[in-house]
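Reader: Could you walk me through how to read the strands and helices in a model like this?

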Amino acid sequence: MSNSERAPGQKAMNFGPSAKRLIGKLGAERSILLLVLVLAALSVGFNVVGPKILGQATDVVFSGAIGAQLPAGVDKADIVAQLRAEGQTTYADMLERLDLVPGQGIDFDALGRTLAMVLGFYATAAICAWLQGYLLNGAVQRSIYRLRNEVEDKINRLPLSYFDKQPRGELLSRVTNDIDNISQTLQQTMSQLLNALFTVIGVLVMMFWVSPLLAVITLASVPVTMVVTVLVGRRSQKLFIQQWGSTGDLNAHVEEAYTGHALVKVFGRQREVEAEFAKRNEELFKASFGAQFVSGLIMPLMMFVGNLSFVAVAVVGGLRVASGDLNLGSAQAFIQYQRMFTQPLSQIGSMANLLQSGVASAERVFEVLDEPEQSPDATGALEPTRGRIAFRDVDFSYSADSELITGLNLSVEPGQTVAIVGPTGAGKTTLVNLVMRFYEIDSGEITIDGVDIRTVPRADLRSKIGMVLQDTWLFHGTIRENIAYGRPDATEEEIIEAATATYVDRFVHSLPDGYDTVIDEEGSNVSAGEKQLITIARAFLADPALLILDEATSSVDTRTEVLVQEAMSRLRSDRTSFVIAHRLSTIRDADVILVMEDGHIVEQGNHATLIDVDGHYAELYRTQFAAPTT
């Protein structure tokens, strides 16, 4: 079940396995990632040691300030003993722990060396962090590049039935929006997560070194933080799934409405389309707002818990400094470490929404990658064909509970033109789709010159077949490039010859740039009939052994249709052709006419024979022309 088909919040994403699989996509960058880990450890290590050394600088300043107030020439031990005798035990304990000389002020040389060391450590940490980010960014972008290629290759291996059931906008959303979201998630979180984890480990070591008691107090906040993260994360996880499902639904609606915007206006359905857009946009807004709001609670809650821990550390640390059990510099260093400890935990909390959003997108992409593929290609080759087509006991259905074609038998001789007629849903287009292997038959076999088409690669099979569809497709490019799409190596003379034969040359010269006229994305700068002619010229230039015309003249006017029929007659000469037509006038000269109903061939013969039989074909013919046939 795709995310777009789930009821909101019905089923939470399986975060752990999906996140693991996403990280697995970085496997090709192992050596780079290992170097990134080393650089992250070095960067964090130098940063973590910094506060400890700064604490020593604080002790140098503090000791110098206290020492300047003591009488010169007196031994520190004597001053400590005198203080104890006077009952100032706490002050005596503090002086005893300080490295000072009575009467001597701050040792600026020692202070300078300490600060220079800290500066060197921080500069080295910054360089390591920069290198880490540079290498990690490259590794992530290369991994996303491979993921895009993997999805593109997967789409090319998916059966046509998958696209029949999948809204185009939803699929495009997975291929574009979701992969972009994965890229941003990895880009923004990988480096921060590494630094956060190493910082937590390094800071823990330093905190226990400085003061085990204060370290235990700090760690007491961790279980509370984890509970907050898990509870809030579970709720936001469901909302992120809903968010990206709603994104796909909205994209599907926009793509559908934009593609059919002319019909929307013709039937005056703008208000309904706008209302549906507003509804889906509202659903996306609610899901997005809820996901961001709920996940955004993690960081402030963690900061609140961290501040409570900070208060406890400040109070207990101050008491230990006052009692002489802890140096002022060590207390200062520990407070820095306590902040450094809670900061990465807060960062992890703040990244929870990004992680959940990214993994939700990854799961949607993985659903595409996990879709069943079309059967593997055979390794044989299809020799140059004469065009003898045979169907033997062919069964096919789109779904197991609804039969369409059963026990179909048909033989077509080389060079014959076979017209297929019948009511909508009779199986006409399905028949030629089976020849193209857009769908796989359930049983039986289809052969070309005695070769089962399932024993040859699909690309090899389709390279021998030219197809002109009722729905024209032109890509963004020049008319010349569109005609040469099936034969990129065609010469200029061959392109013009094909264009002339199919009457494209007749209207091309009226365009501003002739054959160099660029067809825009919607093909709006040429008419529907002109687009149809260009697709026929494309098939003409490809010079296929087998030709399939599926309502190929449906978009041209009557006068042009006569001309196109002449062109297609030349195109069909000396090659086997299947022609699907609703206008029976276009197929009267076909060698064989097949009349199909409910997936079965109910009549077969040429035009005169079928009229004489006075069956289904004659009835269709009379209905279409509203006149008796003699």
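Reader: Let's begin with S3 and strand S11 (residues 592-597): in which sense do they pair, and over how many bridges?

Author: In this predicted model, S3 and S11 pair in the parallel sense over four bridges. To find the register, look for a pair of partners: Val421 has Val595 as its bridge partner in S11.

Reader: Which strand does S3 also pair with over four bridges?

Author: That is S10, and the pairing is again in the parallel sense. Here you can use Ile420 as your marker, which stands opposite Ile580 in S10.

Reader: How many residues of S3 are buried?

Author: Five of the five residues in S3 (residues 417-421) are buried. Go through them by face: Thr417, Ala419 and Val421 lie on one side, Val418 and Ile420 on the other, and both faces are covered.

Reader: Let's follow S10 onward. What does strand S10 (residues 576-580) do with S9?

Author: S10 and S9 pair in the parallel sense, over five bridges. Ile548 in S9 has Phe578 as its bridge partner in S10. S9 also pairs with strand S6 (residues 465-468): four bridges join these two, and they run parallel. On that side, Val468 stands opposite Leu549 in S9.

Reader: Which residues of S9 point which way, and are they buried or exposed?

Author: Leu546, Ile548 and Asp550 point one way, Leu547 and Leu549 the other, and all are buried. Strand S9 (residues 546-550) is thus another mostly covered strand, with five of its five residues buried.

Reader: Now the other sheet. In what order do its four strands come?

Author: The order is S2-S1-S4-S5, in an open sheet with antiparallel pairing. To find its edges, look for strands that pair on one side only: these are strand S2 (405-412) and strand S5 (451-452). Further in, strand S1 (residues 389-396) and strand S4 (residues 443-448) run antiparallel and are joined by five bridges. Ala390 stands opposite Thr447 in S4.

Reader: Which helix lies across S1, S2 and S4?

Author: That is H15, which runs at about 115 degrees to S1.

Reader: Why is H15 described as largely enclosed?

Author: Helix H15 (residues 428-435) has seven of its eight residues buried, so the rest of the structure largely encloses it. The buried ones are Lys428, Thr430, Leu431, Val432, Asn433, Leu434 and Val435. After the helix, take a look at Arg437, which has a positive phi, near 60 degrees.

Reader: Let's finish with two packed helices. What should I look at to describe them?

Author: The general idea is to give the angle between the axes and the distance between them. Here, helix H5 (residues 108-157) and helix H7 (residues 168-210) pack at an angle of about 155 degrees, with axes 10 Å apart. Angles over 145 degrees count as roughly antiparallel, and H5 and H7 are therefore roughly antiparallel to each other. Their crossing is right-handed.

Reader: Which residues of H5 and H7 meet?

Author: From H5, the contact includes Leu136, Val140, Ile144, Leu147, Arg148 and Val151. From H7, it includes Val175, Ile179, Asp180, Ile182, Leu186 and Met190. By class, the contact of H5 with H7 has 12 nonpolar, seven polar and two charged residues.

Reader: Why do residues three or four places apart point the same way in an α-helix?

Author: An α-helix has 3.6 residues a turn, so such residues point the same way. You can try this spacing on the H5 contact list, which includes Leu136, Val140, Ile144 and Leu147.

Note on methods: Residues are numbered from 1 along each chain as its sequence is written. This is a predicted model: local features need pLDDT of at least 70, side-chain atom pairs count only at pLDDT 80 or more; totals for chains, interfaces and linings use all residues. Side-chain values use heavy atoms; hydrogens and water are left out. Buried means under 20% relative accessible area, exposed over 50%, partly exposed in between (1.4 Å probe, protein chains only). Two strands pair if DSSP finds at least two bridges between them. Axes are lines fitted to C-alpha atoms, for helices over the stretch in contact, and angles run from 0 to 180 degrees between N-to-C directions. Angles under 35 degrees count as roughly parallel, over 145 as roughly antiparallel, 65 to 115 as roughly perpendicular and the rest as oblique. A crossing is left-handed if the near helix is turned anticlockwise from the far one by less than a right angle, and right-handed if clockwise. Contact means heavy atoms within 4.5 Å. Ala, Val, Leu, Ile, Met, Phe, Trp, Tyr, Cys and Pro count as nonpolar, Asp, Glu, Lys and Arg as charged, and the others, Gly among them, as polar.
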